[in-house]
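Below is a walk through one protein model, moving from a sheet to the cores, then to two helices and a pair of rings. Please keep the structure open while reading.

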Amino acid sequence: MKKTFACAALSAVLLLSLAAGCGSTAPSESEDNSTPVEVQTVARGDMVTENMVTGKVVSGNESSVYPMMSAEYTQVPVEVGDQVKAGDVLARLDVGAYQQQLSALTASYNSTQESFNAQISLLERQLSDTQALYEIGAASQMSVTTLESQLTTTRASASAQLNSLSTQIATLSDTVRKGVVTAPHDGTVTVVNAKVGSMASPGSAAAVVAEDGYLQVETSVSESLAPKLAIGDKADVTISAIGKTVEGVISEADPAGNAVNALFSVTIDLPADCGATSGMSANITFYTDPADNAIIIPTDAILTSGNEQFVYVVDSENLAHRVVIETGLNNAGSTEVTGGLKGGETLVTSGQAYLTEGCTVRVVG
């Protein structure tokens, strides 16, 4: 009997314990249904449109040097890449025949001058002697007058003949000088067309000399960009060959476009110490359409639905609100907002694709 009672009592205790365990429920933490987002405050700033084109570095003063006459090239002492000074010889032409004529004319001039000088000296002495005789009555007035007339005629003849020879000599001397093609200024020879034995022509450049230290970039822009550019505007020029970006200034802007491709030529002056050389490629960035004190947001924050653009902003209770916006300029990952935002709002910049109007957000990051 005692044993049976003890077992029954133990069973009762176990049942009470189980009953107590089933009836007690542990409190559970409430689930967090908020969406994690990153945000930033909408701010104002200045903005421009970046317009990128390609171009080529050229010499700002590149002179094509033409021969002044047709003749055979006899000497071409320069090569591409040579440094030259103003007046250095680029090429010589065959002017041997002209030089022979010049020598003959010069000799003729000298002999003619000597002959006339002798005649004039003789007449001057005769006139002097005759005048002396006339004063003592030993010569007539007619003799004096005749010698004076002969002296005047001889002097006039000498002057006419020597002037004619001088003119011919000057013409030939100029022709001989044209047989030497020289550099118009200091610089680097970039092109050599002249070849020994070939014929020179006034219409074909013997060589091209580029002035050192004065470089430009030539490019072409679209008809939509051209009206926004003006002489004096600045542009960034990146020259990959030297790994450098420099600031250039527009020096020429063609007001008339190319009739074939509707592109407008633009020339940009580079700094003298930029380190580039003629022929290098360049990437040019023009800055247009400046917007001052504009509302600027990250482009990635903007969502679209059809033709509508919108963003999400967060209020003080961490609720997200959908705001339709209007946009303006777009540049380097940033967009100008022209309507819908005033500045100062808390803008969702990451996680906005998972939001709906009025949902709860949790700011992270």
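The model is predicted. A convenient place to start is strand E4, residues 71-75, which is joined by two bridges to strand E6, residues 89-93. The two strands run antiparallel. Within this pairing, Tyr 73 has Leu 93 of E6 as its bridge partner, and Gln 75 is bridged to Arg 92. E4 also pairs with strand E9, residues 199-200, again through two bridges and again antiparallel. Here the bridge partner of Ala 71 is Ala 200.

These pairings belong to an open sheet of four strands, ordered E7-E6-E4-E9, with antiparallel pairing. Strand E7 (180-182) and E9 are the edge strands; each has a single partner strand, so one side of each has no neighbour in the sheet.

Tyr 73 links the sheet to the packing around it. Beyond residues up to four places away in sequence, Tyr 73 touches Ala 91, Arg 92 and Leu 93, among others. Its contacts also include the run Ala 194, Lys 195, Val 196, Gly 197, Ser 198, Met 199 and Ala 200, and further Pro 67 and Ala 206.

Which residues have the most contacts inside the largest nonpolar core? They are Tyr 73, Val 84, Leu 90, Leu 93 and Val 181, in a core of 26 residues. Two or more residues of this core come from each of E4, E6, helix H2 (96-135), helix H3 (141-177) and strand E10 (207-210). H3 provides the largest share, five residues. Another core, of 23 residues, lies apart from this one and has Val 221, Ile 239, Leu 270 and Ala 276 among its members.

H3 can now be taken by itself. This helix has 37 residues and spans 53 Å from first to last C-alpha, close to the 54 Å expected at 1.5 Å a residue. Its buried residues are Val 144, Leu 147, Leu 151, Thr 154, Ala 158, Leu 162, Leu 165, Ile 169, Leu 172, Ser 173, Thr 175 and Val 176. Spacings in such a list can be read against helix geometry: an α-helix has 3.6 residues a turn, so residues three or four places apart point the same way. The cover over the buried residues of H3 includes H2 and E7.

One contact point between the helices can be followed from the H2 side. Thr 112 lies in H2. Because its relative accessible area is 13%, under the 20% cut-off, Thr 112 counts as buried. Apart from neighbours within four places in sequence, Thr 112 is in contact with Gln 161, Leu 162 and Leu 165. Leu 162 and Leu 165 are also among the buried residues of H3.

The last stop is a pair of rings. How many aromatic pairs are counted? The count is one. The pair consists of Phe 310 and Tyr 312, arranged edge-to-face, with 6.0 Å between centres and 85 degrees between planes. Phe 310 is buried because its relative accessibility is 8%, and Tyr 312 is buried because its value is 5%. The ring of Phe 310 has a further partner: the charged end of Arg 322 sits over it, 3.8 Å from the ring centre.

Technical notes
Residues numbered from 1 in each chain as written. Predicted model: local features only at pLDDT ≥ 70, side-chain atom pairs only at ≥ 80, totals over all residues. Heavy atoms only, no water. Pairing = 2+ DSSP bridges. Phe/Tyr/Trp six-rings, centres within 6.5 Å; stacked < 30°, edge-to-face > 60°. Buried < 20%, exposed > 50% of the residue type's maximum accessible area, 1.4 Å probe, protein only. Lys NZ or Arg CZ within 6 Å of the ring centre and 35° of its normal. Core = buried A, V, L, I, M, F, W, Y, C linked by side-chain atoms within 4.5 Å. Contact = heavy atoms within 4.5 Å. Expected span 1.5 Å × (residues − 1).
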